[in-house]
Amino acid sequence: MSKILKQKRIIGFLVMLCLFVLIMPINVTATGLSEDTELILHYDGGKNTFRIYKIADFTVPDQYVVEEKFQPYVGNVTGMDRLKDLNTEEKKMLASTLRSLVITKGMEADCILETDEKGMLVWDNIPMALYLIVGDKTTDAEYVYTPMPILLSVPYEITEGAWENNVEIIHNKIEKKQKSISAQIPVVMVWRNKPPGDELPESVEVAIYKEDEPYDEEEFSEDNNWSYTWEDLTPDEEWNVEEDDDELPDGYTYSYVPEDDGIVIINTYEEETEPELDEKLPQTGQVWWPVPVLALWGCTFYIMGWAVNQKENSIK
């Protein structure tokens, strides 16, 4: 066999080997993404108990699967359909809404941890997920302190595609209220992004809960300016509201946001946006364009080698 023939066959073999490697499945992983995770929380309020709820599993980068126990309740909650795209304000609104939901539904936390006297809490080997962190109310002689809820992904995305497995946060958002003999809670319902010409429902029923027990309900409508104030409530208790979202018009989602001494129910019309057909999808898998080129190249070298071999055999 000639030296040239051997070289061509070697080149052909190497090309076919490259082709084989290219068509093998390749798992794409984000930088720093790992199941070896840790959460460190520093709470400014000192010693307290925190209840942690897993809202959604973190399967692959930026993709969440909502926990089964939440699915019956969060279909119309603002932001639940775009968890990876929420801005800071939207995360706060969603955290407040989910806090109200887990309390009124009496949901059990996935984990209950206590901070030490300095307000520090450490949780090791955390399953990758999106979590709601809810702190208990505490009191002293004069005030009631309520830690604001936190919505947190573990691991935490630092920049696009880069993840931090060891998450450390400082929790200093604490609502402070003067103790009182009785309490009143004004509740206001607002409508956002209402399409021109669309009519609002005649009324929407809203229930107020004491812990996880329904206490009273009221019809909100234009007649009462979509508002109502519950009075003579027991102070220092956990009061939350729940609207009947089945009465919302199609396309609306809702949020519950604490404001001053009351609660704002925000019903938002979500405009449907169709994706642009010419928009290129991000490359997340294998690169396929070299496959036919390399295949053709390998076949060409193989045929050339075979032809030369046949010619040498005929000469002999």
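In this predicted model, the side chain of lysine 176 lies over the face of tyrosine 143, at 4.2 Å from the ring centre. Contacts between aromatic rings were examined next, and the structure holds 12 aromatic pairs. Among them, tyrosine 43 and phenylalanine 50 form an edge-to-face pair, with 5.1 Å from centre to centre and 80 degrees between the planes. Tyrosine 43 counts as buried at 3% relative accessibility, and phenylalanine 50, at 0% relative accessibility, is likewise buried. Tyrosine 252 and tyrosine 269 also form an edge-to-face pair, in which the centres are 5.4 Å apart and the planes meet at 65 degrees. Because tyrosine 252 lies in strand S19 (residues 252–259) and tyrosine 269 in strand S20 (residues 262–269), this pair ties together parts that are 17 residues apart in sequence. Tyrosine 252 is buried, with a relative accessibility of 5%, whereas tyrosine 269 is partly exposed at 22%. Ring pairs further link Tyr252 and Tyr269 with Trp191 and Trp226 into a cluster.

Helix H2, which spans residues 88–104, comprises 17 residues and reaches 25 Å from its first C-alpha to its last, close to the 24 Å expected at 1.5 Å a residue. At the start of H2, a side-chain oxygen of asparagine 87 comes to within 3.2 Å of the backbone nitrogen of glutamate 89, and the helix is followed by glycine 106, whose phi is positive, near 65 degrees. H2 is mostly covered, given that 12 of its 17 residues are buried. The buried residues include Met93, Leu94, Leu98, Leu101, Val102 and Ile103, and also Ser96, Thr97, Arg99 and Ser100.

A search of the whole structure for pairings between oppositely charged side chains finds 11 salt bridges. One of the buried residues of H2, arginine 99, forms a salt bridge with glutamate 238, the closest N and O atoms being 3.0 Å apart. Since arginine 99 lies in helix H2 and glutamate 238 in the loop between strand S17 (227–233) and strand S18 (239–243), the pair ties together parts that are 139 residues apart in sequence. Both arginine 99 and glutamate 238 are buried.

A salt bridge also joins the side chains of glutamate 242 and lysine 105, with a distance of 2.8 Å from N to O. Glutamate 242 lies in strand S18 and lysine 105 in the loop between H2 and S4, so this pair ties together parts that are 137 residues apart in sequence. Glutamate 242 is partly exposed, with a relative accessible area of 21%, and lysine 105 is partly exposed at 33% relative accessibility. Elsewhere, salt bridges that share partners join Lys54, Asp57 and Glu67 into one network.

Strand S4 takes part in a further salt bridge, in which glutamate 114 pairs with lysine 47 and the closest N and O atoms are 3.5 Å apart. Glutamate 114 lies in strand S4 (residues 111–114), while lysine 47 lies in the loop between strand S1 (38–43) and strand S2 (49–60), so the pair ties together parts that are 67 residues apart in sequence. Lysine 47 counts as partly exposed, at 45% relative accessibility.

Note on methods:
Residues numbered from 1 in each chain as written. Predicted model: local features only at pLDDT ≥ 70, side-chain atom pairs only at ≥ 80, totals over all residues. Heavy atoms only, no water. Helix = DSSP H or I, 4+ residues; strand = E, 2+ residues; numbered from the N terminus. Expected span 1.5 Å × (residues − 1). Buried < 20%, exposed > 50% of the residue type's maximum accessible area, 1.4 Å probe, protein only. Polar contact = N/O pair within 3.5 Å; in protein donor to acceptor, adjacent residues only side chain to side chain. Salt bridge = Lys/Arg side-chain N within 4 Å of Asp/Glu carboxyl O. Phe/Tyr/Trp six-rings, centres within 6.5 Å; stacked < 30°, edge-to-face > 60°. Lys NZ or Arg CZ within 6 Å of the ring centre and 35° of its normal.
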